[in-house]
Amino acid sequence: MAHRIRSGNPSESLRSMRLVWKSLDKMRCLRKRSTIPFLGFLITFLLFLNLYIEDGYVLEGDKRQLRETSVHPSSSERYVHTFRDLSNSSGTINVTYRYLAGTPLNRKKYLTIGLSSVKRKRGNYLLETIKSIFDQSSYEELKEIVVVVHLADFDLAWCENLVQEITRKFAHHIIAGRLLVIQAPEEYYPSLDGLKRNYNDPEDRVRFRSKQNVDYAFLLNFCTNLSHFYMMLEDDVRCSRNFLTALKKVITSREGSYWVMLEFSKLGYIGKLYHSRDLPRLAHFLLMFYQEMPCDWLLIHFRGLLAQKDVIRFKPSLFQHMGYYSSYKGAENKLKDDDFEEDSVDIPDNPPASLYTNINVFENYDATKAYSTVDEYFWGKPPSTGDFFVIVFNKSTKISKIKISTGSDDRLNDILHHGALEVGEKLVGTKKGKQCSSYITLGEFKNGNIEVQDVDHKIAFDIECVRVVVTASQKEWLIIRSISLWTTQPPSQ
């Protein structure tokens with residue numbers, strides 16, 4: 001099917017040029033005026049004119065279908081094809097995928113796990129990664145996930161051999177609709193030649209990371225309607241046991257709060273969780289800036305553009321990098337996530353809340369950083385008797401465990417030397433913010449730390465506030481390194 005393009009109107013372009021010349025004539029008549037304003041006007045006008053003319057070449061009409069012929073389009077044709085859909089970034093990109101193994105089910109799952117894989121010069125970890133996903137999931141968890149593998153290598157013989165291995169080892173998962181293997185044909189890729197050399201990267205490195213962005217974009221695009229949530233993994237990781245249960249616990253605890261990306265590993269594009277509804281925009285974003293920077297840098301910008309300012313990362317990590325050789329040139333890659341735990345179901349929930357304190361805060365080490373899931377902390381000047389640090393939940397909740405740690409490895413004495421942990425109900429508004437009017441003490445801090453188990457068995461009411469109270473003044477400053485809360489999850493329906 002031929003491309004239909006809308007070209008610019010010659011008469012409109014001519015009128016625009018006449019306006020430029022008319023402006024020039026007027027400017028010549030002005031005497032003793034600086035030429036700088038004129039140049040600024042001219043540059044702005046020409047930029048506008050350029051955008052106007054370029055807009056005349058926005059592609060419309062029918063979406064291009066993949067031609068089943070042995071003739072491949074030129075690089076420039078592939079480039080135009082890929083970027084045509086960016087004019088409508090709210091919908092999916094029209095790509096005709098090849099189904100190499102399995103087919104999607106009609107029913108939406110809870111979670112899609114996406115993997116993109118290419119041929120490596122040394123080592124191949126894809127089969128181990130797939131095995132880890134399935135082995136570390138219970139039978140009930142397997143009902144709620146689908147794994148999509150995008151074989152993004154143009155070596156069709158390699159793809160065919162790998163598909164045969166996958167089919168042989170994971171046949172029952174393919175039959176059950178839990179495993180799909182796909183490929184976006186090379187015809188749909190933009191040009192990978194003559195790319196921008198940002199960061200002084202060598203040409204082959206730029207080509208590798210640019211193609212990787214497109215690989216991920218096509219994978220995200222395919223997975224848009226398969227599930228409610230989407231998890232990105234790399235093809236050389238292993239998973240913690242019952243990772244889906246931990247994920248669901250975190251997602252449930254954050255109901256009612258805004259987030260774009262939750263992170264369950266601090267490495268690369270591993271363990272990054274999205275709402276599936278955001279996948280089309282992310283796919284378009286990766287395509288738009290595919291040659292600018294690596295994918296794990298782009299996702300940070302994407303998160304920020306969608307108004308999630310801070311990283312939301314949970315510890316312990318649920319996924320670990322296990323590959324020894326990189327997919328780029330087979331170079332050694334020994335990166336490990338030291339926050340990974342093989343059994344990490346006991347991940348804190350930290351339900352959405354507001355935090356208040358009357359302790360004098362040092363610089364930007366504010367109260368929210370004690371409740372953060374990243375490596376941040378609250379730091380205040382020496383507290384006095386009666387000072388408080390309070391967490392007010394967005395909605396009342398049942399808490400099963402509370403763990404609070406103060407001080408840090410390099411400031412061992414900046415702990416809470418004398419303090420109590422309380423929980424409260426009956427929320428009221430005060431001049432200093434919301435507070436609970438009634439509190440019950442759960443225990444005293446020892447060596448700057450406190451951990452209370454079975455809170456829901458000890459407290460009859462749903463908790464609206466958790467408060468730390470200073471019971472004796474101290475000369476040392478106070479670091480609250482982490483506040484970890486575990487909620488009581490309702491029984492499965």
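**Two open sheets in a predicted model**

Good morning. I begin with an open sheet of four strands, ordered β13-β20-β15-β18, in which the pairing is antiparallel. Strands here are DSSP runs of E with at least two residues, and helices are runs of H or I with at least four, both numbered from the N terminus. Two strands count as paired if DSSP finds at least two bridges between them.

A word on the basis of these statements. This is a predicted model, in which local features need pLDDT of at least 70 and side-chain atom pairs count only at pLDDT 80 or more, while totals for chains, interfaces and linings use all residues. Residues are numbered from 1 along each chain as its sequence is written, and side-chain values use heavy atoms, leaving out hydrogens and water.

To return to the four-stranded sheet: its edges are β13 (378-380) and β18 (449-452), each of which pairs on one side only. Neighbouring strands are turned by 20 degrees against each other on average, direction ignored; the axes are lines fitted to C-alpha atoms, for helices over the stretch in contact, with angles from 0 to 180 degrees between N-to-C directions. β13 runs antiparallel to β20 (residues 478-487), and three bridges join them. Within this pair, W379 faces I479 of β20.

The second open sheet has seven strands, in the order β3-β6-β5-β4-β7-β10-β9, and its pairing is mixed. Because β3 (98-101) and β9 (261-263) each have a single partner strand, one side of each is left without a neighbour in the sheet. Here the average turn between neighbouring strands is 30 degrees, direction ignored. β9 pairs with β10 (residues 272-275) in the antiparallel sense over three bridges, and L262 stands opposite L273 in β10.
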